[in-house]
Amino acid sequence: MGIGPASPADAPAVIALWERCGLTRPWNDPQADFDRALAQEASTILVARDAKGVAGSVMVGDDGHRGWVYYLSTDPARQKQGIGRALMEAAEAWLKARGCPKIQFMVRTSNAQALGFYERLDYALQEVVTLGRFLND
């Protein structure tokens, strides 16, 4: 398995993976998210591939203060094989290469499986609350 940057041609397979993993939401356009990540110098999507095709992906970005991870996904039929761990290591390496001092991400509090995964990777809950609102009409 190799991990490398996504190209625009990867969008259908990667977005289908995000949907299979339950990561998309009606208020987010995954195609727009994919396109925006590839269009910015400070973000990318890394894809894990093997002979079977796309096995996983992660969107990673540097906001100039912290690194952020979104859409970490592993094909549900291929979980527990180290793909998610390898993608997080690749995301960390991408951020370190940019000089980014910290990585963070959001996980829904109801997603016990993801919280357990990140805990096994030595990530810890932060004493913060995330607030937000949509900027479109």
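A pocket is an open set of points, on a 1 Å grid over the protein atoms alone, where a 1.4 Å probe fits, with protein on both sides within 12 Å along at least five of seven lines; its lining residues have an atom within 4 Å of a point. The model is predicted: local features need pLDDT of at least 70, side-chain atom pairs count only at pLDDT 80 or more, and totals for chains, interfaces and linings use all residues. Residues are numbered from 1 along each chain as its sequence is written, and side-chain values use heavy atoms, with hydrogens and water left out.

**Exercise 1. Describe the largest pocket and its lining.**

Step 1. Start with the volume, the space filled by probe spheres set on grid points that are joined across faces, edges and corners. For the largest pocket this is about 2,000 Å³.

Step 2. List the lining. It has 49 residues. Nearest the centre lie Val 69, Tyr 70, Tyr 71, Leu 72 and Met 106.

Step 3. Assign elements, taking helices (H or I, at least four residues) and strands (E, at least two) as DSSP runs numbered from the N terminus. At least two lining residues each come from α2 (30-39), β3 (53-62), β4 (67-74), α3 (83-97) and α4 (112-120). β4 gives the largest share, seven residues.

Step 4. Sort by class: Ala, Val, Leu, Ile, Met, Phe, Trp, Tyr, Cys and Pro are nonpolar, Asp, Glu, Lys and Arg charged, and the others, Gly among them, polar. The lining has 23 nonpolar, 15 polar and eleven charged residues.

**Exercise 2. Do the same for the second largest pocket.**

Step 1. Its volume is about 680 Å³.

Step 2. The second largest pocket has 19 lining residues, with Phe 105, Met 106, Ala 124, Leu 125 and Gln 126 nearest its centre. β4, β5 (103-105) and α4 each give two or more of the lining residues.

Step 3. By class, 13 are nonpolar, four polar and two charged.

**Exercise 3. Trace the pairing of β2, then place Thr 44.**

Step 1. Find the partners; two strands pair if DSSP finds at least two bridges between them. β1 (residues 2-5) runs antiparallel to β2, with four bridges. Gly 4 stands opposite Val 47 of β2.

Step 2. β2 and β3 are also antiparallel, joined by eight bridges. They form a hairpin with two residues between them.

Step 3. Check burial (buried is under 20% relative accessible area, exposed over 50%, partly exposed in between; 1.4 Å probe, protein chains only). β2 (residues 43-50) is largely enclosed by the rest of the structure, because six of its eight residues are buried.

Step 4. Thr 44 lies in β2. Its relative accessibility is 9%, so Thr 44 counts as buried. Its bridge partner in β3 is Val 60.

Step 5. List contacts (heavy atoms within 4.5 Å). Leaving out residues up to four places away in sequence, Thr 44 touches Pro 5, Ala 37, Leu 38, Val 58, Met 59, Val 60 and Trp 94.

**Exercise 4. Locate the largest nonpolar core.**

Step 1. Define it: buried Ala, Val, Leu, Ile, Met, Phe, Trp, Tyr and Cys residues joined through side-chain atoms within 4.5 Å.

Step 2. The largest core has 21 residues; Val 58, Val 69, Met 88, Tyr 118 and Tyr 123 have the most contacts inside it. β2, β3, β4, α3, β5 and α4 each give two or more residues to this core. Its largest share, seven residues, comes from α3.

Step 3. Beyond four places in sequence, Tyr 118 touches Leu 72, Met 88, Phe 105, Val 107 and Tyr 123.
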